[in-house]
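User: I'm new to this one and want to know how each label is earned. Please walk me through it, setting values against cut-offs.

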Amino acid sequence: MKIVVLDGFTLNPGDLSWDPVKQNGDVILHDRSSAKEVLDRLADADAALTNKVVIDRAAMERLPKLKYIGVTATGVNVVDVAAAKERGITVTNVPAYSTDSVAQATFALLLELTNRVGHHAQAVSEGRWASCPDFCFWDSPLVELAGLNLGIVGYGRIGQAVARIGRAFGMNVVATPSRSRDAEADVRVMPLESLLRESDVVTLHCPLTAETKGLMNSERLGLMKRSAYLLNTSRGPLVVENELAEALQTGRIAGAGLDVLPAEPPVQGSPLFNAPNCFITPHQAWGTRAARRRLMNVTAANLRAWMAGTPQNVVS
């Protein structure tokens, strides 16, 4: 069994062991693979593991030996799942491995917006507190979360984890309807437009689909309170970035915290880089060592289950 890892560096930059995967066969590891390298590297592979490297229909048609694709992530938009199903290629993903890490990062962004810890720590280093005539110092509004409405768009596992943290802060939780999960008794469920109007914080936790691409555009941003914050730790294309940048520039909303952008990495820049009250982290919310260890272990378990003829976490 030849198993080729196309882009293993993000999963394991060196602080984990590949042994759980290596126990399943002959493993060839690549830190990164360009689109031009995919066919050569998978030419005689039985199984491929990919995180962000695209394996499309055209590639599958030229890889007759390939029978398994393991996506080392939850989202599977990098694989043409329909084409895989037609060709009898099993595709699996790893759900729920980063739930707590992403929920934690969501509030890290929110707390930066409301308390500006990084900014004020830098101000102390620059001597601005020492030169202040008062015993305390701040130069941007400090916002208390208790009593604010937390609007969760996408009430799956991560959305529910965010709700739990929000309630611990004393926030009132509202959420969009979910097909797969019932809301708790203290969560109000409402349509998206109503949620946007009522929420003081709107946080996105829905998958990227044809229906959700561009979900937060100028029209929907215009429904939000001027004092509200937008958070996105899900997928960059959920937000129309130039329209969010304009909303921030004009004060239409108070701020944004983003861990994802439509283009990653943003080699051409982004209009959001210069937008006021916009904090961007480099798609790292999922990347705690604990989350990546779970990702490694489930990736290996998916391989073992497929080889045993009882595949799990199948999406094809």
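## How the labels are earned

Analyst: Let's start with R116, which sits in the loop between helix 5 (99–115) and helix 6 (117–125). Helices (H or I, at least four residues) and strands (E, at least two) are DSSP runs, numbered from the N terminus. The model is predicted, so local features need pLDDT of at least 70 and side-chain atom pairs count only at pLDDT 80 or more, while totals for chains, interfaces and linings use all residues. Residues are numbered from 1 along each chain as its sequence is written, and side-chain values use heavy atoms, with hydrogens and water left out.

User: Why does R116 count as buried or exposed, whichever it is?

Analyst: Buried means under 20% relative accessible area, exposed means over 50%, and partly exposed is in between (1.4 Å probe, protein chains only). R116 comes in at 17%, so it's buried.

User: What stands out about the backbone of R116?

Analyst: Its phi is positive, about 50°, although R116 is not a glycine. That turn of phi comes just after helix 5.

User: What makes you say how enclosed helix 5 is?

Analyst: Count its residues under the burial cut-off: 12 of the 17 are buried, so helix 5 is largely enclosed by the rest of the structure. Among them are V102, F107, L110 and L113.

User: How do you know what span to expect for helix 5?

Analyst: The expected span is 1.5 Å times one less than the number of residues. Helix 5 has 17 residues and reaches 24 Å from its first C-alpha to its last, close to the expected 24 Å.

User: Which strands does helix 5 lie across?

Analyst: Helix 5 crosses strand 6 (149–153), strand 9 (201–204), strand 10 (229–232), strand 11 and strand 12, at about 155° to strand 10. For such angles, axes are lines fitted to C-alpha atoms (for helices, over the stretch in contact), and angles run from 0 to 180 degrees between N-to-C directions. Helix 7 (residues 157–168) packs on the sheet too, touching strand 6, strand 7 (172–175), strand 8 and strand 9, and its direction makes about 175° with that of strand 6.

User: In what order do the seven strands of that open sheet run?

Analyst: The order is 8-7-6-9-10-11-12, with parallel pairing. Strand 8 (187–189) and strand 12 are the edge strands, since each pairs on one side only.

User: How do you know that strand 11 and strand 12 pair?

Analyst: Two strands pair if DSSP finds at least two bridges between them. Strand 11 and strand 12 have three, in the parallel sense, and G257 stands opposite F279 in strand 12.

User: What's notable in the loop between strand 11 (255–258) and strand 12 (278–280)?

Analyst: P265 is in that loop, and the peptide bond from E264 to P265 is cis, with omega near -5°. N277 is in the loop as well; although not a glycine, N277 has a positive phi of about 55°. With a relative accessible area of 36%, N277 falls in the middle band, so it's called partly exposed.

User: What about the five-strand open sheet: which order does it have?

Analyst: Its order is 2-1-3-4-5, again with parallel pairing. The edges are strand 2 (26–29) and strand 5. Strand 4 (residues 68–71) and strand 5 pair over three bridges, with Y68 opposite T90 in strand 5.

User: Why is T90 called what it is, buried or exposed?

Analyst: T90 has a relative accessible area of 15%, so by the cut-off it is buried. Contact means heavy atoms within 4.5 Å; beyond neighbours within four places in sequence, T90 touches K67, Y68, I69, W306, P311, V314 and S316.

User: Last one: what makes the chain as compact as a globular protein of its length?

Analyst: The radius of gyration is taken over C-alpha atoms, and the globule rule is 2.2 Å times the number of residues to the power 0.38. For 316 residues the rule gives 20 Å and the chain has 22 Å, which is close, so it is as compact as a globular protein of that length. The chain holds 11 helices and 12 strands, and 47% of its residues count as buried.
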